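User: Could you take a close look at the ligand site for me, and at the charged side chains that go with it? I'd like the cut-offs spelled out as you go.

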Amino acid sequence: MIIVLLGPPGTGKGTQAAAICARFGVPHVSTGDIFRRNLAEGTPLGLKAKGYMETGELVPDALVLDLVADRLKEPDCAGGFLLDGFPRTVPQAEGLDAALAAAGTPVDHVVLLEVPDGTVVERLSGRRVCRSCGAVWHAAHNPPPGDMKCPKCSGQIYQRADDASEAVLNRLKVYARQTGPLVGHYDARGLIRRVDGTRSPAEVERAIGAALA
Ligand code: AP5
């Protein structure tokens, strides 16, 4: 099963990914997580991506396409995968189409999480994330432990630099301009499954389950 999780920043893609992956037994391939890991480790890829990520701009397509091509060749992706945060531009979608056509395994579903911009801003300003395992909290609705230590892996819980309000507003603009056109790209093939992301995480999970039934 090959699933693409699409939607503006902060709509709950990372929050919902674990349940989808568990249900279909596929790995979670998040380009944002891969870049953040490289950034934390100070790799050349992380250093190239840093400036783009902190201001909410997209990392250049060529870098992203190489990275994803390598990741999808790993053995755990042989039976399918969940793509989160990729593709994000028309050239990235075309690159994915070409790779999947060569492998004879097209995308099965594109889940589009829909949340208004005002809610996105509120969610991202309160988001807190584990630096090690990527677990997510919200300062008001689902507060992290007081010692800011992840209960799952003991990693440090922090606030992403690109969750500062200026970067969030830019990410929304970048999404509308560069990623929005992908809805038409996949809609033309009947692959889009629209899900209202404003409900509670459990309700969103149920709605995604129904959309993929
Ligand atoms: P990436 O990491 O992909 O960020 P994003 O797409 O902006 O998505 P987010 O991680 O911000 O949000 P999310 O939808 O996962 O929401 P979450 O579940 O955390 O990319 C970061 C950067 O990397 C990009 O800007 C770019 O620079 C670069 N990059 C990555 N991929 C790239 C690519 N393909 N091409 C080029 N550049 C790329 O939830 C958010 C908050 O809301 C949390 O606090 C959560 O607890 C809360 N929440 C979630 N669901 C609910 C709910 N139902 N109700 C209430 N609160 C909720």
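Analyst:
**The ligand site and its charges**

Of the 34 residues around the ligand, the ones that come nearest are Thr15, Thr31, Glu57, Arg127 and Arg171; a residue counts as near a molecule if one of its heavy atoms lies within 4 Å of it. Before going on, a word on the source: this is a predicted model, in which local features need pLDDT of at least 70 and side-chain atom pairs count only at pLDDT 80 or more, while totals for chains, interfaces and linings use all residues. Residues are numbered from 1 along each chain as its sequence is written, and side-chain values use heavy atoms, with hydrogens and water left out.

Now the polar side. Thr15 has a polar side-chain atom 2.5 Å from an oxygen atom of the ligand, and Thr31 puts a polar side-chain atom 2.7 Å from a ligand nitrogen atom. Arg127 joins in too, with an N or O atom of its side chain 2.6 Å from an oxygen atom of the ligand. As for cover, the ligand has 1,000 Å² of accessible area on its own, and the protein covers 94% of that (Shrake-Rupley method, 1.4 Å probe; for residues, only the protein chains shown count as cover).

Where does the shell come from? The elements that give two or more residues to it are α1 (13–24), α2 (31–41), α6 (117–126), β6 (136–138) and α9 (201–211). The largest share, four residues, is from α2. Helices (H or I, at least four residues) and strands (E, at least two) are DSSP runs, numbered from the N terminus. Sorted by class, the shell has 12 nonpolar, 12 polar and 10 charged residues. Here Ala, Val, Leu, Ile, Met, Phe, Trp, Tyr, Cys and Pro count as nonpolar, Asp, Glu, Lys and Arg as charged, and the others, Gly among them, as polar.

Two of the nearest residues, Arg127 and Arg171, lead on to Asp163. Asp163 sits in the loop between β7 (157–158) and α7 (165–179). Its side chain makes a polar contact of 2.9 Å with Arg127 and another of 2.9 Å with Arg171. A polar contact is a pair of N or O atoms within 3.5 Å; within protein, one must be able to donate a hydrogen and the other to accept it, and residues adjacent in sequence count only if both atoms are side-chain atoms. Leaving aside neighbours within four places in sequence, Asp163 is in contact (heavy atoms within 4.5 Å) with Leu124, Ser125, Arg127, Val168 and Arg171.

The Arg171 and Asp163 side chains also meet in a salt bridge at 2.9 Å, N to O, meaning a side-chain nitrogen of Lys or Arg within 4 Å of a carboxyl oxygen of Asp or Glu. Both ends are buried: Arg171 at 11% relative accessibility, Asp163 at 2%. Buried means under 20% relative accessible area, exposed over 50%, and partly exposed in between, with a 1.4 Å probe and protein chains only.

For contrast, try Asp187 and Arg194, whose side chains meet in a salt bridge at 4.0 Å, N to O. Asp187 is partly exposed at 40%, and Arg194 is partly exposed at 47%. Back at the site, salt bridges that share partners join Arg127, Arg160, Asp162, Asp163 and Arg171 into one network. The whole structure has 13 salt bridges.
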